[in-house]
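Trainee: I would like to understand how the terms used for this structure are justified. Could we go through them one by one?

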Amino acid sequence: MSSLYEQVYTWDNLYLAWRKAARGKRGREPAASFEYRLEDNLLQLQDELQGKTYRPGPYHSFYIHDPKHRLISAAPFRDRVVHHALCNVIEPLFERCFIPDSYANRVGKGTHRALDRCQEFACRYRYVLPCDLRRFFPSIDHAILRDMLGRVIADPDTMWLVDRILKSGVGVLSEEYEMAWFPGDDLFAVNRPRGLPIGNLTSQFWANCFLDPFDHFVKRELRCKGYLRYVDDFLLFADDKSTLWAWREAAVARLARMRLTVHERQAHPRPVTEGIPFLGFVVFPAERRLKRRKGIAYLRRFKALLASYAAAEIPIERVDASVQGWVNHARTGDTWGLRQAILAALPVIAPGGGPRRREQAALGQETTQHRLLSDPFNPANPCSYGAYHESRDGHLRPHLRLR
């Protein structure tokens, strides 16, 4: 066995992979069942990987609608441990090759830094060319991807595991793919293995690997200094439209060599002062606003959470966690008024509130407790909004306290 592949199935690496796979999921049945016999399960995986008898299990698929209609395919928990074990070893090999302005699924990057970079470019350039790829994950061609991975992973044993994981996803997204024909295709092109299951750690990582040559093409051959990408959304900035139109034609041709297509109706140069739709926000040179549908979507989710809490289906801590998470995301834009409006829009009805309790509350025969949701964007003012007032009458209302 090669030294690189041996690193994948060492005990320390498998244990670290389990910890990563179980993070935030230890209370769920698949993770809990695996942890119940943790040592036995990790030893079994180690034996299977060492003997090359490992076989991935079937995917569990379901649809989400937030905001797009997407098919998510979740691998069995033991396979997710293997995905983490593999990525722990091969990710450093690719990370040194990625450009700094690729922001998805990388340590120290993420959506907020991508938005900051987008706004920085919007201040420096007059025009932007926003592009996104059609059916990106269902369209990723396995032969092209494997060739790209093999150039960096010069190890047949590790590539054996890569092939196992790739083959396990063949056909999972076949219903999501819309056949696109490219120059040189014959009738058998429709049978080319393609598609990475959305939901796999390896899929997110390999998506970066798949588009990395395109990133270098834009930077080195097009010499575009104002370029950034987040998964399949990318932006090119320049000071004149003619340059962006030329870059658009070159980018479409280069992506066709990778069997990818762009939403061409949306990919046209525009002034940065019109706003740049990117990662759920509309970015301007001096501000950024949350997209309207994002605010509406969270208001609906907030209503559903409050209804579940009122029915005693979830604890108040889950509502708190959801609000904190959304605030942390929304506060990266100019959303102070929006956050006030959404969090103050609905009363929070605690479980068990009834008419008799309300009569007692009206007579002042209640005691109060306070729950506080701090606004992370303003640490000096922890009560700026969202303080929950809970009383015996069963009502829990957010109070707005402005500076």
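**Terms and evidence**

Mentor: The mean pLDDT of the protein chain, where pLDDT is the predictor's confidence in each residue from 0 to 100, is 84, and 86% of the residues reach 70 or more. This is a predicted model, in which local features need pLDDT of at least 70 and side-chain atom pairs count only at pLDDT 80 or more, while totals for chains, interfaces and linings use all residues. Residues are numbered from 1 along each chain as its sequence is written, and side-chain values use heavy atoms, with hydrogens and water left out.

Trainee: Which elements have the lowest and the highest mean pLDDT?

Mentor: Helix α15 (residues 355-362) has the lowest, 34, and β5 the highest, 97; helices are DSSP runs of H or I with at least four residues, strands are runs of E with at least two, and both are numbered from the N terminus. Over residues 354-403 pLDDT stays under 50. Where pLDDT is low, the predicted coordinates should not be read in detail.

Trainee: What makes β3 and β6 a pair?

Mentor: Two strands pair if DSSP finds at least two bridges between them, and two bridges join β3 (residues 127-132) to β6, so the definition is met. These strands run antiparallel, and V128 stands opposite R270 in β6. Helix α11 (residues 241-257) packs on the sheet, touching β3 and β5, where a contact means heavy atoms within 4.5 Å.

Trainee: Why are β4 and β6 called edge strands?

Mentor: The open sheet has four strands in the order β4-β5-β3-β6, with antiparallel pairing. β4 (226-230) and β6 (270-271) each pair on one side only, and these are the edge strands.

Trainee: How do you know that β8 and β9 pair?

Mentor: Strand β8 (residues 281-283) and β9 share three bridges in the antiparallel sense, and pairing requires at least two, so they count as paired. In β9, L290 is the bridge partner of F281. The open sheet to which they belong has the order β7-β8-β9.

Trainee: What makes the lining of the second largest pocket partly nonpolar, polar and charged?

Mentor: A pocket is an open set of points on a 1 Å grid over the protein atoms alone, where a 1.4 Å probe fits, with protein on both sides within 12 Å along at least five of seven lines, and its lining residues have an atom within 4 Å of a point. This pocket is lined by 24 residues, with K20, K25, H84, G199 and L201 nearest its centre. Ten are nonpolar, seven polar and seven charged; Lys counts as charged and Gly as polar. The largest share of the lining, seven residues, comes from α5.

Notes:
Axes fitted to C-alpha atoms, helices over the stretch in contact; angles between N-to-C directions.
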